[in-house]
Amino acid sequence: MMKKKKALKKGLRLFEGKELSKDFPITTINASSIMVYPLSMHIGAPAVPVVKPGDRVLKGQMIAKADGLISAPVHSSVSGTVKVIENRKVVNGDRVMSIVVENDGLNEEIEGMGVKSNPDELTVEEVVQKIKDFGIVGLGGAGFPTGVKLSPKNANEIDTIIINGCECEPYLTVDYRIMLEKGEQIVKAVRQIQRILPNAKAVFGIEDNKSDSIKVIKGFIKTDDNMDICQLKTKYPQGGERALIYAVTGRKINSKMLPADAKCIVVNSTTCYAIYSALYENIPLIYRYMTVTGDGVNQCNNFKVPIGSNHQDVIEKCGGLKENAVKIISGGPMTGFAMSTLDVPVEKTSSSILAFEVDDVATVNQTNCIHCGRCVAVCPTDLVPQMLAKAVKQNNYSLFEHLGGMECVQCGCCSYACPARIPLTHLFNIGKAEIRHQLEQKSKEVN
Ligand code: SF4
Ligand code: SF4
């Protein structure tokens, strides 16, 4: 019997735009001549350089080590010479300490990279350590170190591993392609995660606009009772961790809880492939899989890009931008960053480049709130965005907090739905940052 499809209760059914790039198989592109490796491509403490200017490095070599519990090492994706370690501009406009490597084009690798290995010969602790040492972080966008995520205090209580195959933002297709092209490897990686979390069933959460991926994964799961597919109705922001846990299990978590508190661990499908590459092929996280799309790009595509490459070079591989491309975004259209320059490096969390022509950019002017309630109807965390916005505009941050502003997952649904074009999500970023700042100040005073 066909199972009833599950779905997030609220959220939005968005224009998809995925047809522009979904049929292009992933192709590998060459690294740039100058590679830039930011030391903060993950959540947590920045990595610490273990090389210095003038050093020769090999492809796959660790060039910065993790600093503390929540951190991740960085590896070179080329062979070459370290030119400088300095602050460099990154996609979100910040300047981040980065290791700059001049690529010698020789692709000389560290010994053992790419050599097949069998993780079943490793202990569970060794598997987790290898995931940490190989620099794997969440590739769905957050960049949380995966080895840390897979080491919850209550490992034996985790009953569900959710493999996030939603890719719910419009235009993005690279997770879809990875599931289609690397389904067998993903399933093998998930079996290793199940060794780490021995009492957990693995459930692939995949939206129904990816029926091809569902078929492929189903084919590799076969009759494994400990793995299943939860086919979800396509809805944004279902790929968000909290939303997905709710859609798959019906369990709710808030901003003060971890997925492990709901006995769940969520791992993105492309992250699973990175785990496979580390455990079975001895390849650290040196590649980023990216969609380059939008009607401002000459040729849409899905790419395997050496991390540290320049965005401009990636765009050139698509035949460049169209003359009237006016808006370029790193990441999805709902949660990504508008880019002021393409002269920034591809990071571990760079899922896509979107370029749009004039017609794609909203030109409607902002007006006052007309109390239509659309923002409330779409908010997946049951907030009242128009009240939150009022509180931020009045600098009343205690009211913002009281109304649950810290539970906002910044999905952008309210801003998208608002006919008055009020930049609601932007206001909530400000509100959340202010509350965090106040909390930091208070804790400094106490200490
Ligand atoms: S208030 Fe936050 S969580 Fe709710 S729709 Fe807006 S951005 Fe999303
Ligand atoms: S959607 Fe916009 S106009 Fe409508 S109630 Fe919310 S803030 Fe006001």
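This note covers the two ligand sites, two helix crossings and two backbone features of a predicted model.

1. Ground rules. The model is predicted: local features need pLDDT of at least 70, side-chain atom pairs count only at pLDDT 80 or more, and totals for chains, interfaces and linings use all residues. Residues are numbered from 1 along each chain as written, chains are lettered from A and ligands numbered from 1 in the order written, and side-chain values use heavy atoms, without hydrogens and water.

2. Ligand 1, neighbours. There are 14 residues around ligand 1. Cys 379, Thr 381, Cys 408, Cys 411 and Cys 414 come nearest. A residue counts as near if one of its heavy atoms lies within 4 Å. Helices H12 (413-417) and H13 (424-446) each supply at least two residues of this shell. Helices here are DSSP runs (H or I, at least four residues), strands are E runs of at least two, and both are numbered from the N terminus.

3. Ligand 1, setting. The shell holds 10 nonpolar residues, four polar and no charged. Ala, Val, Leu, Ile, Met, Phe, Trp, Tyr, Cys and Pro count as nonpolar; Asp, Glu, Lys and Arg as charged; the others, Gly among them, as polar. Ligand 1 sits in the largest cavity. A cavity is a set of points, on a 1 Å grid over the protein atoms alone, where a 1.4 Å probe fits but cannot get out. To sit there, more than half of a molecule's atoms must lie within 2 Å of the grid points.

4. Ligand 2. Its surrounding residues include Cys 369, Cys 372, Cys 375 and Cys 418. His 371 and Gln 386 are also among them. By class, the shell has eight nonpolar, three polar and no charged residues.

5. H10 and H13. The axes of H10 (residues 385-393) and H13 come within 9 Å and cross at roughly 55°. Axes are lines fitted to C-alpha atoms over the stretch in contact, with angles from 0 to 180 degrees between N-to-C directions. H10 and H13 are therefore oblique to each other. Oblique means outside the ranges under 35, 65 to 115 and over 145 degrees. The crossing is left-handed: the near helix is turned anticlockwise from the far one by less than a right angle.

6. H3 and H7. The axes of H3 (residues 174-181) and H7 (residues 269-281) come within 9 Å and cross at roughly 50°. That makes H3 oblique to H7. H3 passes H7 in a left-handed crossing.

7. Backbone. Most residues other than glycine have a negative phi, and most peptide bonds are trans. Tyr 236 and Pro 237 are joined by a cis peptide bond, with omega about 5°. Pro 237 lies in the loop between strand S11 (227-232) and helix H6 (241-249). Lys 263 is not a glycine, yet has a positive phi of about 60°. Lys 263 is in the loop between H6 and strand S12 (264-268).

Note on methods
On a 1 Å grid over the protein atoms alone, a cavity is a set of points where a 1.4 Å probe fits but cannot get out, and a pocket is an open set with protein on both sides within 12 Å along at least five of seven lines; lining residues have an atom within 4 Å of a point.
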